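Trainee: Could you take me slowly through one part of this protein, the open sheet, and show me how its strands are arranged?

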Amino acid sequence: MKTIKLSEQQMAKRIARYRELQPLPIQNPSIPEKARDVVYSRKLLSVVGLETTTPINAAAPIIGAAGMTMTLAVCPPGQGPGLHSHRQTYETFTVMKGRFEVTWNDDGSGRAVLELYDTVSFPPGVCRAFRNIGDEEGILQVIITGGVHDMTDIDFAPKAKDEIERVRPGLSAEFEKAGFTFTAGR
């Protein structure tokens, strides 16, 4: 097999330094944090993005890994996004720091606790959520494969819309503008 030689400058484009990662711009700071917490991890740090820019990988320092994206979901204790489903993509989580509870099914009736380096992978069409159950900030590695990796792939449970509306009536429209829907399980 013929191999490829990369210069240090070329390889530098394939290295992501944690300290240099930037939160995703889709986490609009003008939306109250309590509403953002229903949909997002407190901080989403894109690491590997698609060759095509999407809102999920806009700030990724590494571009192109055979259709896979990788994000770090940083969550304070008790925080994590609510039940949602991906229409076309698989979502795989690995605990990098802390302890997380994952729930699944339309009602969140399936439950498992993930410890350091434990991994779970959800296929398209299954509602899932995660929450940091540790006492310190937790980090999940999130890998998305297959299909389209943008907001239109994600459908939240109607309960999420209700939670957002309790923060401020009409606020869910801001998330709908980004492509989110709230019909999972219907």
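Mentor: What follows looks at the sheet, after a few words on the whole chain.

This is a predicted model, in which local features need pLDDT of at least 70 and side-chain atom pairs count only at pLDDT 80 or more, while totals for chains, interfaces and linings use all residues. Residues are numbered from 1 along each chain as its sequence is written, and side-chain values use heavy atoms, with hydrogens and water left out.

The protein has four helices and eleven strands, where helices (H or I, at least four residues) and strands (E, at least two) are DSSP runs numbered from the N terminus. Its radius of gyration, taken over C-alpha atoms, is 17 Å, close to the 16 Å that the globule rule gives for 186 residues, so the protein is as compact as a globular protein of that length; the rule itself is 2.2 Å times the number of residues to the power 0.38.

Now to the sheet, which is open, has six strands in the order 2-1-3-10-5-8, and shows mixed pairing; two strands pair if DSSP finds at least two bridges between them. Strand 2 (62-63) and strand 8 (119-122) are the edge strands, each pairing on one side only. Strand 8 runs antiparallel to strand 5 (residues 90-97), and four bridges join the two. Within this pair, E91 stands opposite F122 of strand 8.

Returning to the whole protein, of its 186 residues 45% count as buried, that is, under 20% relative accessible area with a 1.4 Å probe, protein chains only.

Note on methods. Buried < 20%, exposed > 50% of the residue type's maximum accessible area, 1.4 Å probe, protein only.
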